[in-house]
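Student: Could we go through the charged pairs in this one together? I'd like to take it slowly.

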Amino acid sequence: QVQLVESGGGLVQPGGSLRLSCAASVSIFSLYDMGWYRQTPGKQRELVAGMTGGGVSNYADSVKGRFTISRDYAKNTMSLEMNSLKPEDTAVYYCQMRHRIETKRVYWGQGTQVTVSS
């Protein structure tokens, strides 16, 4: 059973920084593409940043230059460094893992709240 455990959310002032982490319980981490999504009430979950098993990253336009996604293949973890946070970044953030070959195998973390407010 694959599990994703997130940590690192919280309350931060505008302009501040937070780092989210996601730990995955899988045997071959590189077989999975991973991503960070966020969701606010009444809106669809949206992709914030993604990274393939081979290390290629992509970002939503709204976070380019401010957020950085990374993976530690030795520890089976993924992180999202968030800088210059804005109130509109407030959301529940979820990590997601998708098998690169068996693409119906998709797993989600429990979500972590990020609130940007003064």
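**Salt bridges**

Tutor: Let us begin with Arg 105, which is partly exposed (between 20% and 50% relative accessible area with a 1.4 Å probe, protein chains only; buried is under 20%, exposed over 50%), since its relative accessible area is 28%. Please keep in mind that this is a predicted model, where local features need pLDDT of at least 70, side-chain atom pairs count only at pLDDT 80 or more, and totals for chains, interfaces and linings use all residues. Residues are numbered from 1 along each chain as its sequence is written, and side-chain values use heavy atoms, leaving out hydrogens and water.

Student: OK, and which side chain does Arg 105 meet in a salt bridge?

Tutor: Its partner is Glu 102, at 3.1 Å from N to O; a salt bridge here is a side-chain nitrogen of Lys or Arg within 4 Å of a carboxyl oxygen of Asp or Glu. Glu 102 counts as partly exposed too, at 42% relative accessibility.

Student: How many salt bridges are there in the whole structure?

Tutor: The search finds seven. One of them joins Glu 81 and Arg 19, at 2.8 Å from N to O. Because Glu 81 lies in strand 8 (residues 77-82) and Arg 19 in strand 3 (residues 18-24), the pair ties together parts 62 residues apart in sequence; strands are DSSP runs of E, at least two residues, numbered from the N terminus.

Student: New topic: are Arg 66 and Asp 89 buried or exposed?

Tutor: Both Arg 66 and Asp 89 are buried, and their side chains meet in a salt bridge at 2.8 Å, N to O.

Student: Which residues are linked with them in a network?

Tutor: Arg 38 and Glu 46 are linked with Arg 66 and Asp 89 in a network of salt bridges.

Terms used
Helix = DSSP H or I, 4+ residues; strand = E, 2+ residues; numbered from the N terminus.
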